[in-house]
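Walk through this structure by its charged pairs, its nonpolar interior, its cysteines and its helix packing.

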Amino acid sequence: MSALSFPLVRPGGAPPGWARRLLPPRGAGAERAPLPLHLAPLLAVVALLALPPAGGPGGGATLADAASGLLVLGCAVRLARTRSRPLTPLAAAVLGLPVLGLCAAAAASHDPVASLPGLVRYLQVFVLVPAAVVLTVRDRRDLAAVAWSFVGLALVQGGIGVVQYATGTGASYMGEDIRAVGTFGPTDVMGMATVVSFGIVAAVGLALGGRGTPRARVAALGCAALLTVPLVLSFSRGAWIATAAACGAQLLLTGVRRALVAALAAAAAGVVLVGGFGIGSAMVQERLVSITQVADAPDRSVTDRYTMWAAAVDIWRDAPVTGVGLKGFPQYRDGHASLALSSGSETAGAGMGYQRQPLLSPHNMYLLILSEQGMLGLLALAGGWLALAVCAARRLLAVRRGRGAGFDCGLVAVGLLAWQLVDFLYADIGGPSTVLTAVLLGVAAWWAVGPGSEQAEARRA
């Protein structure tokens, strides 16, 4: 008997033990393969971020961006042919609202031609790709697969980052080439930290959700623990804060007692990791202390950040409704910034020579939107994110009270969205990892207002 004809079912009708472990469980979605083909374009977007940017660090569009375009195109063709999975009215409103602010900002810009690339980028990240994710993910099993792809990508990039620290081939930090940046290079030092943070939050959600097998939950928890090492070695204060906030929210949503136990375990692990093994202990301690040094002897990066924040607010006062136009912040920055602003940041290492990077954004997404798109754009974009957060948290609490299923998916979606909203206080979009932010927003929208929402499930019932 050939291998292709080997039976998966015994004469009595039950599959053997090894087959039962590999086959999907009975019930919803059991008739589909473990990795449905309709998820391939979406998983390709995540997987391609493991490759170095095609044009080198800071080289513009990447293969992942191209894959996201194919994902959007495929969804558009499918909808045009079948119209079988349209967005819910609430999802269409939340995801389509930013178009109003973006188009108004582009039309009112002093240089509409220069604003056109920014319009395309914003539509890709905040409208088209999230909508395509909502249309691609069909059920909670698909969302779990996307979450595991985040974890896999984080392990790849984090592993490269740890090797960079150990071998002194990372980006330059305090005169040493030890900063873990993965394949993103020194011009995008937040890239690996973002990817690793997404992996940690997704893994924590899968581990705490209680839906998977004990082996899968232990594996998820182990991955989260492993990924803390490259996160620490990224020396990214914003990623540390956002990850702690997101994981803390996930733990609180599962119960106060569990949150306290996990906090104590995390503190003990941190003592062992930094104090016992000495993983960047002195530099990590100095980086942690610098978070609180806002007014008392702040470092250069903190001074530049707060100077650009003040400049962004001053720019907004010149055009409070529609802003100065997409991609307009660099043009207006010098006319509104104080003399405390430096001419740029210095980058080196990770296979690149010394470069001086201009400061082209305020490193705060909300202030960037406010200055370039005005109050209209801020209400459209940030208002949509707030609506997603409220709907996602409401759905998760309902599931926790026993009125639905998919607690693990809800924890993943709420945790990732919380991470992004906190991180936007210290960063903005830019670099190859931006497309992953678009996927994240799609995951959150699927749970909050898409086919996975409480309202959609009630209509199907």
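A salt bridge here is a side-chain nitrogen of Lys or Arg within 4 Å of a carboxyl oxygen of Asp or Glu. On that criterion the structure, which is a predicted model, holds two salt bridges.

One of them pairs Asp65 with Arg121, and the closest N and O atoms are 3.1 Å apart. Asp65 belongs to helix α3 (residues 63-81) and Arg121 to helix α5 (residues 112-136), so this pair ties together parts that are 56 residues apart in sequence. Asp65 is buried at a relative accessible area of 11%, while Arg121 is partly exposed at 22%.

The other salt bridge joins Asp314 to Arg317, with 3.6 Å between the closest N and O atoms. Both residues sit in helix α12 (residues 300-318), three residues apart, which is about one turn of the helix. Asp314 is partly exposed, its relative accessible area being 27%. Arg317 reaches 55% and counts as exposed, because the cut-off for exposed is over 50%.

Turn next to the nonpolar interior. The largest nonpolar core has 113 residues, and those with the most contacts inside it are Tyr122, Phe126, Phe150, Met365 and Trp385. Helix α14 (residues 365-400) supplies the largest share of this core, 14 residues. What does Phe150 touch, leaving aside its neighbours within four places in sequence? Phe150 is in contact with Val46, Phe198, Gly199, Ala202, Leu416, Leu436, Val439 and Leu440.

Helix α5, which holds Arg121 of the salt bridge with Asp65, also packs against helix α4 (residues 89-108). Their axes lie 10 Å apart, at an angle of about 180°. The two helices are therefore roughly antiparallel to each other. On the α4 side, the contact is made by Leu95, Pro98, Val99, Leu102, Cys103 and Ala106. On the α5 side, the residues involved include Leu119, Tyr122, Leu123, Phe126, Val127 and Val134. Tyr122 and Phe126 are also among the residues with the most contacts inside the largest nonpolar core.

The cysteines come last. How many disulfides does a search of the whole structure find? The search finds zero. Cys103, one of the α4 residues in the contact with α5, is partly exposed, with a relative accessible area of 39%. Cys247 is buried, with a relative accessible area of 13%, since buried means under 20%.

Key. Residues are numbered from 1 along each chain as its sequence is written. This is a predicted model: local features need pLDDT of at least 70, side-chain atom pairs count only at pLDDT 80 or more; totals for chains, interfaces and linings use all residues. Side-chain values use heavy atoms; hydrogens and water are left out. Helices (H or I, at least four residues) and strands (E, at least two) are DSSP runs, numbered from the N terminus. Buried means under 20% relative accessible area, exposed over 50%, partly exposed in between (1.4 Å probe, protein chains only). A nonpolar core is a set of buried Ala, Val, Leu, Ile, Met, Phe, Trp, Tyr and Cys residues joined through side-chain atoms within 4.5 Å. Contact means heavy atoms within 4.5 Å. A disulfide is a pair of cysteine sulfur atoms within 2.5 Å. Axes are lines fitted to C-alpha atoms, for helices over the stretch in contact, and angles run from 0 to 180 degrees between N-to-C directions. Angles under 35 degrees count as roughly parallel, over 145 as roughly antiparallel, 65 to 115 as roughly perpendicular and the rest as oblique.
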